[in-house]
Amino acid sequence: MASKKKKFYVVWKGHCPGVYTNWADCQEQTRGYPNAKFKSFPSRPAAEQAYRDGAEMHYGSGSKASGKLAPRRHYRDIPEIDQYSLSVDAACSGNPGNMEYQAVWIEHGDVLFKKGPFTMGTNNVGEFLALVHALAYFHQTGEHDVTIYTDSRTAMAWVRNKKTKTQLKKTARNVVLFDLIRRAEAWLQTHTYRNPIVKWDTKNWGEIPADFGRK
């Protein structure tokens, strides 16, 4: 079982906003406070940056989605899963169709980011963009040891090869999406990363926490 890593807690809206080094202090500042906003981070630099950014950027990524997803199972009961890690997933209505992707922390179910919907996309493209987005985020925060889970072997291969092999046709309707693909490939070709990318074992663990729940 992975050893427990220290967490840091940002309180944006509470009795005394700030960065706290333990859950008990975070609870003290948020308990009984109307619509408190708080979130955990795996390092002090990430927490301090998030506090400066403000809640809108990190609490549900400023999207219309809620800051948390309903838990599908107790992942803490599965010793093989690194609890202090991130999961990514994509969803697409049609093939191609409206596609969106997101990243969700496994420990608490907080949404780190959520993007889309993008017109005329595919699930594989979304999975690829989600992985690169997560890698770029951790590169910026310096959190190089955080594991990223994905249930897409295709996206893992594309990231490893630093290039997509999508059969998606570029049209006027998805030009924005193709620009994101180009930028993601360029990032991979000009940056290095150490974050482990691990295949999520759906058969034994259930749906990945970042799943959109539309199956």
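The following exercises, each with a worked solution, concern a predicted model of a protein chain.

**Exercise 1. Overall composition**

Determine how many helices and strands the protein chain has, and what share of its residues is buried.

*Solution.* Step 1: the chain contains seven helices and eight strands. Step 2: of its 215 residues, 47% are buried. Step 3: the accessible surface amounts to about 11300 Å², and carbon and sulfur atoms account for 50% of that area. Step 4: among contacts with a separation of 6 or more, 66% join residues 24 or more positions apart.

**Exercise 2. The three-stranded sheet**

State the strand order of the open sheet of three strands, and locate the helix that packs on the sheet.

*Solution.* Step 1: the order is β2-β1-β3, and the pairing is antiparallel. Step 2: β2 (18-20) and β3 (37-41) are the edge strands, each pairing on one side only. Step 3: neighbouring strands are turned by 25° against each other on average, direction ignored. Step 4: helix α1 (residues 23-30) packs on this sheet and touches β1, β2 and β3. The direction of α1 makes about 10° with that of β1. Step 5: at the level of residues, β1 (residues 8-13) pairs with β2 over three bridges, and Tyr9 stands opposite Tyr20 in β2.

**Exercise 3. Strands β4, β5 and β6**

Describe how β5 pairs with β4 and with β6, and decide whether β5 is enclosed or open to the surroundings.

*Solution.* Step 1: β4 and β5 pair in the antiparallel sense over nine bridges; Ser93 has Asn98 in β5 as its bridge partner. Step 2: these two strands form a hairpin with two residues between them. Pro96 is placed in the loop between β4 and β5, and a cis peptide bond with omega of about 0° joins Asn95 to Pro96. Step 3: β5 and β6 also pair in the antiparallel sense, over six bridges, with Ala103 opposite Phe113 in β6. Step 4: the hairpin of β5 and β6 has five residues between its strands, and Gly109 in this hairpin takes a positive phi near 80°. Step 5: eight of the nine residues of β5 are buried, so the strand is largely enclosed by the rest of the structure.

**Exercise 4. The nonpolar cores**

Identify the residues with the most contacts inside the largest nonpolar core, and the element that supplies its largest share.

*Solution.* Step 1: the largest nonpolar core has 41 residues, and those with the most contacts inside it are Phe41, Tyr101, Phe128 and Leu129. Step 2: the elements that each supply at least two residues include β1, α2 (44-53), β4 (86-94), β5 (97-105) and β6 (111-121). Helices α4 (123-141), α5 (153-161) and α6 (175-190) do likewise. Step 3: α4 gives the largest share, ten residues. Step 4: beyond its neighbours within four places in sequence, Phe128 is in contact with Ala155, Trp158, Val159, Thr164, Ile181, Ala184, Glu185 and Leu188. Step 5: another core, of eight residues, lies apart from the largest one; Ile106, Tyr149, Trp205 and Ile208 are among its members.

**Exercise 5. Geometry and burial of α4 and α6**

Test whether the end-to-end distances of α4 and α6 agree with 1.5 Å a residue, and list the buried residues of α6.

*Solution.* Step 1: the 19 residues of α4 should span 27 Å, and its end C-alpha atoms are 27 Å apart, which agrees. Step 2: the 16 residues of α6 should span 22 Å, against 23 Å between its end C-alpha atoms, which also agrees. Step 3: just after α4, Gly142 takes a positive phi of about 80°. Step 4: the buried residues in α6 are Leu177, Phe178, Ile181, Ala184, Glu185, Trp187 and Leu188. Their cover includes β5, β6, α4 and α5.

**Exercise 6. Backbone particulars**

Give the positive phi values of Met120 and Lys162, and classify the exposure of each residue.

*Solution.* Step 1: Met120, in strand β6, has a positive phi of about 55° although it is not a glycine. Step 2: its relative accessible area is 22%, so Met120 is partly exposed. Step 3: Lys162, in the loop between α5 and α6, has a positive phi of about 60° and is likewise not a glycine. Step 4: with a relative accessible area of 36%, Lys162 is partly exposed. Step 5: strand β6 also holds Pro117, and the peptide bond from Gly116 to Pro117 is cis with omega near 10°.

Definitions and conventions: Residues are numbered from 1 along each chain as its sequence is written. This is a predicted model: local features need pLDDT of at least 70, side-chain atom pairs count only at pLDDT 80 or more; totals for chains, interfaces and linings use all residues. Side-chain values use heavy atoms; hydrogens and water are left out. Two strands pair if DSSP finds at least two bridges between them. Helices (H or I, at least four residues) and strands (E, at least two) are DSSP runs, numbered from the N terminus. Axes are lines fitted to C-alpha atoms, for helices over the stretch in contact, and angles run from 0 to 180 degrees between N-to-C directions. Contact means heavy atoms within 4.5 Å. Buried means under 20% relative accessible area, exposed over 50%, partly exposed in between (1.4 Å probe, protein chains only). Accessible areas come from the Shrake-Rupley method with a 1.4 Å probe; for residues, only the protein chains shown count as cover. A nonpolar core is a set of buried Ala, Val, Leu, Ile, Met, Phe, Trp, Tyr and Cys residues joined through side-chain atoms within 4.5 Å. The expected span of a helix is 1.5 Å times one less than its number of residues.
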